[in-house]
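Thanks for coming. I will take a few minutes to walk through one structure, and I will stop at the places worth a look.

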Amino acid sequence: MALEVGADTENLGPVMIIPCARTKTLTSHVSGAGSQPVLWVNKTGRRFASEEVAMSFADAGNTIAKQPEGAVYAIIDADTVRHLMEEGSDIGLGDFIEYHMKLTRLQAELDQDVAEGVAWKGDTIEALGKAIGLDSAVFAATVDEYNDACDKSYDPMFFKPAKFLRPVRKGPFYAINMAPSVLVSDGGIRVNGNLQVTDKDYQPIPGLYAVGNEASGLYGDTYNLDVPGTANGFAHASGRVAARHVIKTLKGE
Ligand SMILES: Cc1cc2nc3c(=O)[nH]c(=O)nc-3n(C[C@H](O)[C@H](O)[C@H](O)COP(=O)(O)OP(=O)(O)OC[C@H]3O[C@@H](n4cnc5c(N)ncnc54)[C@H](O)[C@@H]3O)c2cc1C
């Protein structure tokens with residue numbers, strides 16, 4: 001609508017991507033488990049990053065989106081299921097999964113997801129690889145190599161910190177289908193300091209304002225998490241600045 005009345009764009013298009021289990025919500029315990037820095041493989045059956053990237057969900061979302069078909073499988077064993085249910089998560093995921101939150105619904109959700117075909121279970125690693133549709137031999141080699149890194153508390157491939165090296169050894173084994181999901185869009189409509197929308201000559205279009213995530217300027221080509229609350233804060237603050245300008249304009253000041 002803004003473009004139709006001559007608005008200029010700036011940095012149109014970026015979205016903030018976050019990992020989420022396919023077909024699930026961010027509060028799902030299956031999604032929370034898959035968002036932990038557990039073993040992640042892509043469609044080739046291999047690891048592709050230090051899963052510690054999960055600590056920053058924006059970076060993790062981008063990393064998952066770069067994988068073939070945007071598909072990532074979080075692989076956990078029975079010990080990790082028990083750990084997440086009884087001892088809690090190793091990392092947080094925004095407000096949805098708090099640090100050390102016990103993922104008490106995990107087993108029940110996993111059982112349901114396996115029954116519905118959106119997660120996979122195997123009594124052996126080979127069976128799990130087959131169920132997902134991976135090259136079983138490559139996948140088994142990845143798991144062997146990863147377990148070896150866990151035993152040595154040293155990850156020679158991606159240097160994931162030892163505290164996140166949880167072996168995948170005790171069946172049954174599960175694969176959670178992680179996908180890049182859109183959280184918010186970031187900017188796009190050029191504004192001035194009053195939050196007035198401007199045209200290509202930087203002239204304000206009378207009566208038209210853009211605030212919050214529609215306004216350009218808060219973020220660049222990505223959504224960083226360095227200062228929590230900046231997106232909500234900007235939504236409030238920019239709305240207030242715009243409203244004050246509207247009042248001044250209506251009063252003819
Ligand atoms: C799951 C989630 C978690 C988040 N967590 C955080 C956080 O922890 N910290 C943080 O800072 N930010 C967070 N954000 C981002 C933050 O919520 C957004 O940046 C903020 O809400 C943007 O505010 P807004 O007013 O620009 O847009 P919105 O809040 O999306 O408001 C836009 C409004 O416009 C309405 N609308 C759309 N089209 C029309 C139409 N044609 N006519 C009339 N009304 C219309 C919509 O219904 C909506 O009410 C989170 C976002 C999500 C989705």
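**A walk through the model**

F159 is exposed, with a relative accessible area of 55%. Please keep in mind that this is a predicted model, and that goes for F159 as for everything else I show.

I start at F159 for its partner. The ring centres of Y154 and F159 are 6.1 Å apart and their planes stand at 70°, so this pair is edge-to-face. Y154 has a relative accessible area of 45%, so Y154 is partly exposed.

How many aromatic pairs are there by this rule? The count is 3. Another one of them is Y73 with W120, also listed as edge-to-face, with 5.6 Å from centre to centre and 80° between the planes. This pair links distant parts of the chain: Y73 belongs to strand β3, residues 72–76, and W120 to strand β4, residues 119–122, with the two positions 47 residues apart.

Are Y73 and W120 buried or exposed? Y73 has a relative accessibility of 4%, so Y73 counts as buried. W120 is at 18%, and buried means under 20%, so W120 counts as buried.

Next, the cysteines. The number of disulfides in the structure is 0. For anyone who wants the reminder, a disulfide is a covalent bond between the sulfur atoms of two cysteines. Two cysteines I can place for you are C20 and C150. C20 is buried, at 5% relative accessibility. C150 is buried as well, with a relative accessible area of 10%.

Now the ligand. Which residues surround the ligand? Going along the chain, they are F96, L183, V184, G212, N213, Y223, G229, T230, A231, N232 and A235. By type, this shell divides into 6 nonpolar residues, 5 polar ones and no charged ones.

Three backbone contacts can be pointed out here. A backbone N or O atom of N213 is 2.8 Å from a ligand oxygen atom. For A231, a backbone N or O atom is 3.1 Å from an oxygen atom of the ligand. For G229, the distance from a backbone N or O atom to a ligand oxygen atom is 3.3 Å.

How much of the ligand does the protein bury? Taken alone, the ligand exposes 1,000 Å², and the protein buries 38% of that. Two elements give two or more residues to the shell: β5, which covers 173–185, and α7, which covers 230–250. The element that gives the most is α7, with 4 residues.

On to two histidines. H83 is in helix α3, residues 78–86. Its relative accessible area is 7%, so H83 is buried. What does the side chain of H83 make a polar contact with? The partner is the side chain of E87, at 2.6 Å.

The other histidine is H29, in helix α1, residues 29–34. H29 counts as buried too, at 3% relative accessibility. H29 and A108 are 79 residues apart in sequence, and their C-alpha atoms are 9.4 Å apart in space.

Last, some backbone geometry. As background, most residues other than glycine have a negative phi, and most peptide bonds are trans.

Which peptide bond is cis? The bond from G171 to P172 is cis, with omega near 0°. P172 is in the loop between α6, residues 136–152, and β5.

Where does phi turn positive in a residue other than glycine? One place is E69, where phi is near 60°. E69 lies in the loop between α2, residues 57–65, and β3. E69 has a relative accessible area of 67%, and exposed means over 50%, so E69 is exposed.

Another place is H100, with phi near 65°. H100 is in the loop between α3 and α4, the latter being residues 106–116. H100 is exposed, at a relative accessible area of 57%.

To go back over the main stops: the Y73 and W120 pair links distant parts of the chain, the ligand has no charged residues in its shell, and the structure holds 0 disulfides. That is what I had; I will take questions now.

Technical notes. Residues numbered from 1 in each chain as written. Heavy atoms only, no water. Phe/Tyr/Trp six-rings, centres within 6.5 Å; stacked < 30°, edge-to-face > 60°. Buried < 20%, exposed > 50% of the residue type's maximum accessible area, 1.4 Å probe, protein only. Disulfide = S-S within 2.5 Å. Near = heavy atom within 4 Å. Polar contact = N/O pair within 3.5 Å; in protein donor to acceptor, adjacent residues only side chain to side chain. Areas by Shrake-Rupley, 256 points an atom, 1.4 Å probe, with all protein chains shown as cover. Nonpolar A, V, L, I, M, F, W, Y, C, P; charged D, E, K, R; others polar.
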